[in-house]
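Grab a pencil and work through these short exercises with the model open beside you. Each one sets a task, then walks through the solution.

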Amino acid sequence: MEIEETIQWHPAFCAAMELELRENKKDLIYERERNLSKLPLKIDFLVIKKKPNTVIKNEIGDFFLGNNIFEYKSPKDDINTGTFFKTLSYAYFYNAKETKVEDILKVDTTVSIVRENKPGKLLSQLGKLYSITKKQKECNSSGRSAHLLR
């Protein structure tokens, strides 16, 4: 039985980068293979439509596309732009993992952050970066709305 040799390219790449940047070593911090999270990334709740033309009868699903990612935040959780971009990254990771490379730009995915109360801090931060259109779809008596669900 032949043992396949696996070449570890990352250490050589990192050493080469440090060598190239040596003139600014005192101005930089180098970190090799930094973990992006302590635990494996997990999507809180994922809804996948089996057929693209399926009409969801519940009002929550009226904005659903093929893949629908939900991130739940408790009332005590801070929701800010970091939360927003982290949740978006789940969609990017999911689409990269689950989609053929040639189809990745055609992916139909929604991302929703669900929380009991209005994420005022997040909306304020996003308002400084983007043009926000106020469109709220009432889903039930609790006043939940689509995408930034509360």
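**Exercise 1. Work out whether Phe64 is buried or exposed, and then what its ring pairs with.**

Step 1. Phe64 has a relative accessible area of 12%, and buried means under 20%, exposed over 50% and partly exposed in between, with a 1.4 Å probe and protein chains only. So Phe64 is buried.

Before going on, a word on the model: it is predicted, so local features need pLDDT of at least 70 and side-chain atom pairs count only at pLDDT 80 or more, while totals for chains, interfaces and linings use all residues. Residues are numbered from 1 along each chain as its sequence is written, and side-chain values use heavy atoms, with hydrogens and water left out.

Step 2. Now the rings: those of Phe, Tyr and Trp (its six-membered ring) pair if their centres lie within 6.5 Å, and planes under 30 degrees apart count as stacked, over 60 as edge-to-face and the rest as tilted. The structure holds 4 aromatic pairs. In one of them, Phe63 and Phe64 have ring centres 5.5 Å apart and planes at 90 degrees, so they sit edge-to-face. Phe63 is buried too, just like Phe64.

Step 3. Phe64 also pairs with Phe70: the centres are 5.9 Å apart and the planes at 65 degrees, so this pair is edge-to-face. Phe70 counts as buried at 10% relative accessibility. Add Phe45, and ring pairs link Phe45, Phe63, Phe64 and Phe70 into a cluster.

**Exercise 2. Check the length of helix H2 (residues 81-98), then find where its buried residues lie.**

Step 1. Helices (H or I, at least four residues) and strands (E, at least two) are DSSP runs numbered from the N terminus. The expected span is 1.5 Å times one less than the number of residues. For the 18 residues of H2 that gives 26 Å, and the end C-alpha atoms are indeed 26 Å apart.

Step 2. Thr83, Thr87, Tyr90, Ala91, Tyr94 and Asn95 are the buried residues of H2. They cover an arc of only 120 degrees around the axis, which puts them on the same side of H2; the arc is that of the directions from the helix axis to the C-beta atoms. An α-helix has 3.6 residues a turn, so residues three or four places apart point the same way.

Step 3. Flip to the other side of H2 and you'll find Tyr92 and Lys97 exposed. The buried residues pack against strands E1 (45-48), E2 (67-72) and E3 (109-114).

Conventions
Contact = heavy atoms within 4.5 Å.
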